[in-house]
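Thank you all for coming; please take a moment to look at the sequence and the structure before I begin to talk through them.

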Amino acid sequence: MASAGDDFSQFNISVEEKDKLVSEVIRYILFKTHQNSGCPIKRDDLTLLITKSYRQRALPAYVINEAKDKLSTLFGYEVRELQRARPSSTTQARNSQPSVADAKSFVLISKLPAEVYRNYVEDVNSTHLTGFTFVVLSIVHLAGGKIPEENLWHHLRRLGLSETEEGHPVFGDVKQTLETLVQQRYLQKDKASVPEGNALFYELAERALDEPVSVKIKEYISQVLIELIGS
Amino acid sequence: MMGLCWKHHALIQALLTRGPLPEKEFHKIFTGVTGKNPGSNQQYFNEYLLKINKELSLVQFELRGCRNQYDGQICYGFINIVSDDQSKLGTNYSLPQIAFFKGIIEEIVRDGSAEGSISCLNALNIRLDNQAVTGTGSRSLGSQSQSQGSPLRVPPAFRNFSLSQKEKTLHELVRDKWLCYTQDSNIGLGVRSFLDLRSWFRSADVPSCEVCNEAGIKAQTCQNEGCAVRIHQYCQKKKFSKRGVEKVCPSCGTRWLYPSPQVETTEEDDELNEPSQTQPLPPSTQSQSPQRLKRKRLATNVADIVGCSSSQASLHASDMRRTRSSARQR
């Protein structure tokens, strides 16, 4: 990018310093993703890495962009930016003012073609989690994007997954596995008041609403329906 | 920028996602992705790796190969070169757990006979108090480093680290390949340790193998008690199997016992890794795998007695090693 050179000179830091910052951001993203098993990383955390030593205003954005670039060319990872679209009703109830700028977060997604990923990269020890994620998201999707907790468990029980089970041979604590989906921002929990009192709802969150994911889910659902109706 | 293509990315992502991989598996990926077999295109393979490392040096990572000292197999993995704030995030282990791990590897490398393993019981008896005091005395362990500042008092978390917590930690460390279960149901170093801790071994003054100059943690020692020479099993093969090479210690000239009575059984070690790999949440495999191995190992011993004239055929391999020197002296 020709303009990148011009932009860079305004920052008044050496190339080495800039490279070091970029390297730190990349390493932060990689290590943190590993540590929290794929939960999104807050953009604010990355910005903090830079602003703790340097004051220039546009520097964080520049460094983060270059880090994204490098992650793509060196590792083949896309840094996908997610934005919290719908604050859950629990936070809405607590904030009396309108919510501040929604938190941006990043996830790492492999850019490899699906075949390659499946054959060489995928870790067989975690494929059960991917399957679980997909099934749960499909269920919530079919329910219109939002589903009461009780209904979700009703469907999961038909798959042999019970919310009280802590010793499932594959998933261990099933409830905890569902909770992981919330932490990874595929789902979010909402409390809503219904006539009987408060009920817990699961809703699709930004990672599930992200285009590549939601397109795949819709494709999958339509395939299943075609098979069902066609037969 | 002369970048890496999707093929490089596939190799990199495979190692990042799946952890260290044995040579066979890594070669399979390489062949699948590039269409060339590393075995027959050695130089091409090396150049590929060099290119990856050159680009990754930017972010202080390196793709390295090393030998698993227990079975001689080569493993490839990513290691972190520099210990900084970011790498400290990369671990899910707590400080007491890291101290426990450090205590175990110190115990393992301290062994003068280079067995390279300690019994489970000894591992569980390791006390964390020493770790707290010596704190930052030793270098950081790759991506898992001790905290800064050496406290003079033992923190309560270290003191209260219970036996069940130790067992759980042991299990996790094996699962993550920092440690491994050896053939005789002991605890040994895992491939991640061999990959990551090379510089720590040097700073801890672990004697190196005469042939390959890597730390000789599990190795054959010289018959001469006063001589400190060590040679790995697989290095011995390389050195002594050539014709005309005298089977003596390169340093003191004492006769070197080769081939040794302990037989390399690489197939069994592959199976050792499998139970922990394919079962994500196995509280029960911890007791399963050592027992399974014990049965297999006894079977092999009965079948493969090389050069041992005594009737000690059914003893443990380690017992045989200890008694062999007495057998020779007769």
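**A walk through the two chains**

Let me begin with one pair of side chains in chain A, where A:Arg118 and A:Glu115 meet in a salt bridge, with N and O 3.0 Å apart. I should say at once that this is a predicted model, and everything that follows should be heard with that in mind. A:Arg118 and A:Glu115 both belong to helix H6 of chain A, and because they are 3 residues apart there, about one helical turn separates them. As for its surroundings, A:Glu115 has a relative accessible area of 47%, so it is counted as partly exposed. In general terms, side chains of opposite charge can pair when their charged atoms come close.

Chain B offers a comparable arrangement in helix H5, which covers residues 95–110 and holds both B:Arg110 and B:Glu107, again 3 residues, or about one turn of the helix, apart. Between B:Arg110 and B:Glu107 there is a salt bridge whose closest N and O atoms lie 2.9 Å from one another. Are these two partners buried or exposed? B:Arg110 is exposed, since its relative accessible area is 60%, while B:Glu107, at 30%, is partly exposed.

Still in chain B, the side chains of B:Glu25 and B:Arg18 form another salt bridge, at 3.2 Å from N to O. Here B:Glu25 is partly exposed at 23% relative accessibility, and B:Arg18 is likewise partly exposed, at 22%. Back in chain A, a network of salt bridges links A:Lys18, A:Asp19, A:Glu66 and A:Lys70. Over all chains, a search of the whole structure finds 23 salt bridges.

Let me now step back and describe each chain as a whole. Chain A contains 11 helices and 6 strands, and of its 231 residues, 42% are buried. If we take the contacts in chain A between residues at least 6 apart in sequence, 60% of them join residues at least 24 apart. The surface that chain A exposes is about 13000 Å², with carbon and sulfur atoms supplying 52% of that area.

Chain B, for its part, has 15 helices and 8 strands, and 46% of its 330 residues count as buried. Among its contacts with a separation of 6 or more, 58% are between residues 24 or more positions apart. Its accessible surface comes to about 16200 Å², and 49% of this belongs to carbon and sulfur atoms.

An example of sequence separation in chain B is B:Pro22, which sits in strand E1, residues 21–22. The C-alpha atoms of B:Pro22 and B:Val191 are 9.1 Å apart in space, although 169 residues separate the two in sequence. Setting aside neighbours within four places in sequence, B:Pro22 is in contact with B:Gln73, B:Ile74 and B:Cys75. With a relative accessibility of 28%, B:Pro22 is counted as partly exposed.

That brings me to the place where the two chains meet. How many residues does each chain give to the contact? Chain A contributes 33 residues and chain B contributes 36 residues. About 3000 Å² is buried between chain A and chain B, and 62% of that area comes from carbon and sulfur atoms. On the side of chain A, the residues that lose the most area to chain B are A:Arg27, A:Leu74 and A:Tyr120, which together make up 25% of what that side buries.

One of those residues, A:Arg27, forms a salt bridge with B:Asp84, in which the closest N and O atoms are 3.0 Å apart. The count of salt bridges between chain A and chain B is 1, and there are also 12 residue pairs in polar contact between the two chains. The elements of chain A that give two or more residues to this side are helix H2 (15–35), helix H4 (59–75) and helix H6 (114–121), with H2(A) providing the largest share, 10 residues. By type, the chain A side divides into 15 nonpolar, 10 polar and 8 charged residues.

I will finish with a residue on the other chain, B:His9, which is placed in helix H1 of chain B, residues 6–18. What does B:His9 touch, once residues up to four places away in sequence are left out? Its contacts are A:Ser72, A:Thr73, A:Leu74, A:Phe75, A:Gly76, A:Leu112 and B:Leu4. B:His9 has a relative accessible area of 8%, and it is therefore counted as buried.

Technical notes. Residues numbered from 1 in each chain as written. Chains lettered and ligands numbered in written order. Predicted model: local features only at pLDDT ≥ 70, side-chain atom pairs only at ≥ 80, totals over all residues. Heavy atoms only, no water. Contact = heavy atoms within 4.5 Å. Buried area = accessible area lost by both parts, 1.4 Å probe. Salt bridge = Lys/Arg side-chain N within 4 Å of Asp/Glu carboxyl O. Polar contact = N/O pair within 3.5 Å; in protein donor to acceptor, adjacent residues only side chain to side chain. Helix = DSSP H or I, 4+ residues; strand = E, 2+ residues; numbered from the N terminus. Nonpolar A, V, L, I, M, F, W, Y, C, P; charged D, E, K, R; others polar. Buried < 20%, exposed > 50% of the residue type's maximum accessible area, 1.4 Å probe, protein only. Areas by Shrake-Rupley, 256 points an atom, 1.4 Å probe, with all protein chains shown as cover.
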